[in-house]
Amino acid sequence: MSALLLLAACGGNGEPPEAPAAPTTQEAAQKPAAGDHKMTLDFGGQKRTFLLHAPPGYTGDKPVPLVVAMHFFPGDGAALRDMIEMDAKADKHGFLVAYPDGVSAAFNALICCGAEDDVGFLKALTEKLVADWKVDPDRIYATGISNGADMSFRAAVEASGVFAAVGPVSGGLGGPLADKSDFVPKEPVSVLTIVGANDQYYDTFQAGLTKWRERLDCKPVETKGKGFTRSKAKCADGSDVEVYVVTDMGHSWPGAKKGPMAIPDAPIVATDLLWAFFAAHKKL
């Protein structure tokens, strides 16, 4: 795959990315509280940044779920937050949402980009929020789009035991790591993934799903909806794999109303489906 195609696969436009801006303010002592917080975490010899949203009434005195949402390339957590509207879902259902920033606007996922230890960063981020923000370690989830979706799949395997479920959107399981037959989670991780039938990487995504199902012995059953198909499978390790293919969609986040990868008139709303799936899947 050419360098230009790699950029497109990650949701980019082929232009060299600019590094995400450093936070202009920081929360004093990064103490648990409701609202929006610009956070930093020392990892790998640098200060990594992420946004954290906590719902109204949150005080940090009881365990809550966490959704880690990862952006496209080039991008940052703020751009993803504005597009997918997961904060509104968190406010309604009482969970935290973290939006990490990739280094140089990217995550070191399965196909691209960079060489950072982003799996280690995600482990450190979730450990911090379990320790300091009372996150329930049995209800930690990851989602993302494009480069962030690929990163969700990588984290499902290499951060085994951290995430109860992942929800990649317009991304997939590909690249040299995914070609290895033992590239599977060592502990059960359920998957809800959403792709567009018109995505130029659709065949790659489907090939990756086939590998995932075969390696985990998952038996899919497909049904048709209006403008999409859905397959559901129970795997031998007890995890679930649910796949939505949106008929008239390319490289997008279905149901998003604004943003560079929004498709507001899609027949499904990814944010709604993801939270419903996550809420039904605690760590096995």
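Strands β3 and β4 run parallel to each other, paired over three bridges. One of the matched pairs there is Val-67, which sits opposite Val-97 in β4. Keep in mind that this is a predicted model. The two strands belong to an open sheet of ten strands with mixed pairing, and much of what follows hangs off that sheet or the helices around it.

**The sheet**

- Reading across, the strand order is β1-β2-β4-β3-β5-β6-β7-β10-β9-β8.
- The edges are β1 (35-43) and β8 (219-225); each has a single partner strand, so one side of each has no neighbour in the sheet.
- From one strand to the next, the twist averages 20 degrees.
- On its other side, β3 (residues 64-70) runs parallel to β5 (residues 135-145), and six bridges join the two. Ala-69 faces Thr-143 of β5 in this pairing.
- β2 and β4, by contrast, pair in the antiparallel sense, over four bridges. Here Leu-51 has Tyr-99 of β4 as its bridge partner.

**Strand β4, covered on both faces**

- How many residues of β4 are buried? Five of its five.
- Leu-96, Ala-98 and Pro-100 are buried on one side of the strand, while Val-97 and Tyr-99 are buried on the other.
- Two of these residues turn up in separate nonpolar cores: Leu-96 is in the largest one, and Val-97 is in another core that lies apart from it.

**The nonpolar cores**

- In soluble globular proteins, nonpolar side chains tend to be buried together.
- The largest core here has 52 residues, and the members touching the most others are Leu-96, Leu-129, Phe-163 and Trp-212.
- Helix α4 gives the most to this core, with seven residues.
- Leaving out neighbours within four places in sequence, Leu-129 makes contact with Phe-50, Leu-52, Leu-66, Ala-98, Lys-134 and Val-135.
- The other core, of 34 residues, includes Val-97, Ala-165, Val-169 and Trp-275.

**Helix α4 and its partner α5**

- Helix α4 (residues 118-133) lies across β1, β2 (46-54), β3, β4 (96-100) and β5, at about 125 degrees to β1.
- The axes of α4 and α5 (residues 147-158) come within 10 Å and cross at roughly 75 degrees. Crossing angles of 65 to 115 degrees count as roughly perpendicular, and α4 and α5 are therefore roughly perpendicular to each other.
- At this crossing, Asp-118, Val-119, Leu-122 and Lys-123 of α4 meet Met-151, Arg-154, Ala-155 and Glu-158 of α5.

**The loop leading into α4**

- Asn-108 is in the loop between β4 and α4. Is Asn-108 buried or exposed? With 15% relative accessibility, Asn-108 counts as buried, because the cut-off for buried is under 20%.
- Setting aside residues up to four places away in sequence, Asn-108 touches Cys-113, Gly-114, Ala-115, Glu-116, Asp-118, Met-151 and Arg-154.
- Cys-113 is also in the β4-α4 loop, and the peptide bond from Cys-112 to Cys-113 is cis, with omega near 15 degrees.

**Helix α3, with a buried face and an exposed one**

- Met-86, Asp-87, Lys-89 and Ala-90 are buried in α3 (residues 86-93).
- Looking down the axis of α3, these buried residues fall within an arc of 160 degrees, so they line one face of the helix.
- Ala-88 and Lys-92 are exposed, on the face of α3 turned away from the buried side.
- The cover over the buried residues of α3 includes β1, β2, β3, α2 (77-84), β4 and α8 (270-279).
- Gly-94, just after α3, has a positive phi of about 80 degrees.

**Other backbone spots worth a look**

- A cis peptide bond runs from Phe-73 to Pro-74, with omega near -10 degrees; Pro-74 is in the loop between β3 and α2.
- Glu-85, in the loop between α2 and α3, has a positive phi near 55 degrees despite not being glycine. Glu-85 is partly exposed, at 37% relative accessible area.
- Ser-170 is another residue other than glycine with a positive phi, near 50 degrees. Ser-170 is found between β6 (165-169) and α6 (176-179), in the loop, and is buried with a relative accessible area of 0%.

How values were computed
Residues numbered from 1 in each chain as written. Predicted model: local features only at pLDDT ≥ 70, side-chain atom pairs only at ≥ 80, totals over all residues. Heavy atoms only, no water. Pairing = 2+ DSSP bridges. Axes fitted to C-alpha atoms, helices over the stretch in contact; angles between N-to-C directions. Contact = heavy atoms within 4.5 Å. Buried < 20%, exposed > 50% of the residue type's maximum accessible area, 1.4 Å probe, protein only. Core = buried A, V, L, I, M, F, W, Y, C linked by side-chain atoms within 4.5 Å. Arc of directions from axis to C-beta. Parallel < 35°, antiparallel > 145°, perpendicular 65-115°, else oblique.
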